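Biologist: I have a new model open and I would like to learn how to read it. Could you walk me through it feature by feature?

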Amino acid sequence: MQLIHKTNVDFLKNRKIAYVISLTLMLAGVLSLFVKGLNFGIDFKGGTEVVLRFEEEVTVGEVRSVLKEAGVEGAVKRYGADRSILLQTAFEGNLNDLKSLVNNALDDRIADNPHEVLRIDSVGPSIASDLKWAALKALLGAVIAILIYVGIRFEFSFAVASVMAIFHDVFIVLGLFSIFGGLFDYMPLVIDQGVIAAFLTIAGYSINDTVVIYDRIRENIRSGKSTEYTATFNRSLNETLSRTVITSGTTLVVVLVLFFFAGPAIRGFTFAILLGIVIGTYSSLFIAAPLVLDWQKKTKRPIKLRGG
Amino acid sequence: MKNNRFKSILIVALTALALWSLWPTYQDYSYSKQLDRQETAEDSLSFVRDHRESIEAAAEKSLKLGLDLRGGMYLVLEVDLIDLIEEKAWNKDDAFRRIIADVRSKTAGSNAQVIEVLVSEFQKRSIRMSRYFYEVRDSDEEIIVKLRKEAQDAVVRAKEIIRNRVDQYGVAEPVIQSQGARRIIVALPGVSDEDRVRKLLRGSAKLEFKLVKDNESLLEALERINSSLAENEVSKENPDLPEGDGAEGETVAEKSSNPLYDNIVVLENGRVYAPDYSREYLTGLFQRESIQKLLPKDSEIRLSARSIEGSDGAMFYDVYLLKKTPELTGGVITEAKATFGASAVQPEVTMKMNSDGTAKWARITGANIGRRIAIVLDGAVYSAPVVESKIPGGSSVINGIDGIEEAQDLEIVLKAGALPAPVRIIEERTVGPTLGADYIRSGLLSAAWGLFLVAVFMVFYYRKAGFSTDIALVLNILFVLSVLAGFSAALSLPGIAGIVLTIGMAVDANVLIFERIREEIAQGKNMRLAVDTGYSKAFSAIVDSQITTLGAGFLLYIYGIGPIQGFALTLMIGIAASLFTALVVTKVIFDLLIDRNLMTAKSFG
């Protein structure tokens, strides 16, 4: 079976449109980041989270009012879909006090529906600020490493374009996290350690996809006599299209399964990867390779490729 | 095909190795299944007794589950090095206190090097460090080296002591490691009594024997504190001044003429008690420098560790005025044991001292017959018995303990020794066993579904070639799990996500190759040539793309903390394994099939 047979799509003709779409998405994201910001989890702002599960259905409002009466300040939300409630509070101090306060209040007021404390996480502010730095360092490290590696294996323009594609992907996903953050109970899109890991995975995935296309461009430039780069680039994109779609498709299916079945704890993480795969595939086709072509057209220098 | 024989042997050997590495995991699982089947408690007990050695061996070598999957506690502790530095300094004056306060605020939000910050504060003010540390003749450099060494030693010692405490408490497979300059990570699987663990880890276990001053001095001191507080309140009514913060604010708000006596009870017989509700406030109050100045020289006020019940059911703590300089400290303790006292109801901890301590203790008790000596642990008075006679044997007893469990914990911390500096819990994550079971179920379920869907698609899309990918995928997962088990790394929920993601990525390498082979076949090449060219042409793309992803995984592992590292680790192993399975395993399968003429152009779908 073959989904995509010999294609001849002109990916490059409409690259300006792709640039406009991407810029619009990025601008919207940046705007939302400034206006609305991100929904940071306790990993990054410190605080305490308690996950409770009840034996039978319970309304968020009921739990909220009981806890409020008991003097527990904080936000009460639904956690995932299975009778679980998440309490977020700025509480700092002896977690046992909090736990017994919550337990006593709920045992007392919602006695006919027993509950269980599934998880308590408490993160101090110093850890939170360290985490931010670690995440930034990791992303910067990844970008520099990719610049060097792709620069050595291909050419400097390829390296710069691939890094721009990475920023493109990460920024758009980050922007979408800001825009949709907190809108859905099913996935609150909280920025936690897992989501940061997802962003680095997106960076890795984006470059993976891009490099495969670069590899084909390299091969075609070497074997072809023509110096007509536009045709060569287009041919390379078409030749790898089948692979790009199949790989993205299978990975997407696997991540979709994770998204729906692996539970609320890593739902933000899988959602980020889900978006990352879609946008990473798009950017490999419409951003990374076209940028190299535009670079070449501007400088009018023939592409000299290393590696092979 | 000599080359292929070598590859085949390699594949078989690696698979055997993987299975061997996972064998204890299977054993462990089957033992627990068999245990579940035992009907009575006696049966299970005899089953365990019969198979004890093999059960333990299997458990030790089996694939470990992370804290999130099996439940337990994850804590990050921070050693308070500033406190250590303060202790080391002599001749502390206001300038020094200001420096320390600055260092404290500057290092509060990060894992920064305390000593470096301290040094820069000193340099900014151009004060020689020898004014406060070590010998006057020492240069700044010498002092920095010494302080740095002290700080390093303190963290190492704190880690050892915490390990000791955890070991004595009895947790299976604890992880205790230092992180950065002053943090210690403690992971305790399967622990359910969180509060007990918290106390056990946090307590400095600083044991001191201090003389109790007479009650008159205490009452006088309280009188002075009260009037000073009342005075302050009047001045605080000035609206220009900011509201007092935290605990201070509470008394200010009351505007009482007796701010202290509102929070403390003085009985007619002169005994002083602190009611439960004001305990925290009073503890903070008596720590304050302005208050300590009002006390007699070299003294401090401490509350008892245990409360007594008043007639109306409220709880009260004893209040003591102690001589600040301890007569003796816990360093001399060599042995500690939790037992029940003479009445056989009250739990207590008996202690033995070394020869130096024994001699001192004999002298101290001899000189203070008829007076009270308080036994103070981490700033709380456990008991303050009256010395009835000289104690020559170097023995001592802590009583005033709530229950036998607390006595056992005291025994543990006293045996393990005192922490060189106080330790704070700055991060804590607890996962209950139920949630862990849920995670395992949903994680395994999604991994299985992901694998199944991809496997079906590959066969559907690439036919025979897809089937070889499926074999490669199964091997891939086998390799990842066996490497995790072999290096006793734990499998966590993000780890499972990493494996599932690896499935997707592993397919990529095969897709690259198969698409290439299809192109070659389309150009009319024969099977063998098409397969060989396909592999060699796809090689550079696979290596380049996988190495970059590997790099991202590596950075995640380096900078990531806790759960992220689990994800990064499985991702890295998965990519390495997928390089092998895609480039070697499927190639050998194809070669074998082509040799037997079982491969046609149709085999690639």
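Modeller: Happily! This is a predicted model, and we can start with domains. In chain A, the domain assignment gives domain 1 (15-41 + 127-299) and domain 2 (47-123).

Biologist: How many Å apart do the C-alpha centres of domain 1 of chain A and domain 2 of chain A lie?

Modeller: Their C-alpha centres are 38 Å apart. Where the two domains touch, six residues of domain 1 of chain A are in contact with six residues of domain 2 of chain A. On the domain 1 side of that contact, four residues are nonpolar, one is polar and one is charged.

Biologist: And which domains does the assignment give for chain B?

Modeller: Chain B is assigned domain 1 (72-202), domain 2 (207-419) and domain 3 (433-604). The C-alpha centres of domain 1 of chain B and domain 2 of chain B lie 25 Å apart. Nine residues from domain 1 of chain B and eight residues from domain 2 of chain B make up the contact. Two elements give two or more residues to the domain 1 side, namely helix H7 (140-169) and helix H8 (194-202) of chain B. H7(B) gives the most, with six residues. By class, the domain 1 side has four nonpolar, two polar and three charged residues.

Biologist: What can I say about chain B as a whole?

Modeller: Try a few overall numbers. Its secondary structure comes to 18 helices and 17 strands. The C-alpha trace of chain B spans about 105 × 70 × 50 Å along its principal axes. Next, look at the radius of gyration: chain B has 34 Å, whereas a compact globule of 605 residues would have one near 25 Å. Of the 605 residues in chain B, 41% are buried. For contacts with a separation of 6 or more, 71% in chain B are between residues 24 or more positions apart.

Biologist: Now the strands. How do strands of a sheet pair?

Modeller: Strands of a sheet pair through backbone hydrogen bonds, and the pairing can be parallel or antiparallel. For a simple case, take strand E3 (residues 175-179) and strand E4 (residues 183-189) of chain B, which pair in the antiparallel sense over five bridges. Within this pair, Ser178(B) stands opposite Ile184(B). E3(B) and E4(B) form a hairpin with three residues between them, and Gly180(B) in the turn has a positive phi of about 65 degrees.

Biologist: What about a sheet with three strands?

Modeller: Chain B has an open sheet of three strands in the order E11-E12-E15, with antiparallel pairing. Strand E11 (333-340) and strand E15 (395-398) of chain B are its edge strands, each pairing on one side only. On average, neighbouring strands of this sheet are turned by 25 degrees against each other, direction ignored. Between E11(B) and strand E12 (residues 347-353) of chain B there are seven bridges. One example to find on your screen is Thr339(B), whose bridge partner in E12(B) is Glu348(B).

Biologist: Which helix packs on that sheet?

Modeller: Helix H14 (residues 404-416) of chain B does, touching E11, E12 and E15 of chain B. The direction of H14(B) makes about 170 degrees with that of E11(B).

Biologist: Can we zoom in on one residue? Is Met315(B) buried or partly exposed?

Modeller: Count its neighbours. Met315(B) has 15 C-beta neighbours inside 10 Å, so Met315(B) counts as partly exposed; a buried residue would need 20 or more. Met315(B) lies in strand E9 (residues 315-323) of chain B. Leaving out residues up to four places away in sequence, Met315(B) touches Asp276(B), Ser307(B) and Glu309(B).

Biologist: Last topic: how many residues of each chain are in contact between chain A and chain B?

Modeller: 59 residues of chain A are in contact with 60 residues of chain B. Several elements of chain A each supply at least two residues to that side, including helix H4 (95-109) and helix H7 (193-223). The largest share, 15 residues, comes from H5(A). By class, the chain A side divides into 33 nonpolar, 18 polar and eight charged residues.

Biologist: Which strand of chain B does E4(A) join?

Modeller: Five bridges join E4(A) to strand E16 (residues 423-431) of chain B, and the two run antiparallel. To see one of these pairs, find Val123(A): its bridge partner in E16(B) is Glu427(B).

Methods
Residues numbered from 1 in each chain as written. Chains lettered and ligands numbered in written order. Predicted model: local features only at pLDDT ≥ 70, side-chain atom pairs only at ≥ 80, totals over all residues. Domains from an automatic or database assignment. Contact = placed C-beta atoms within 7 Å. Nonpolar A, V, L, I, M, F, W, Y, C, P; charged D, E, K, R; others polar. Helix = DSSP H or I, 4+ residues; strand = E, 2+ residues; numbered from the N terminus. Buried ≥ 20, exposed ≤ 12 C-beta atoms within 10 Å, placed from the backbone. Pairing = 2+ DSSP bridges. Axes fitted to C-alpha atoms, helices over the stretch in contact; angles between N-to-C directions. Rg over C-alpha atoms; globule rule 2.2 N^0.38 Å.
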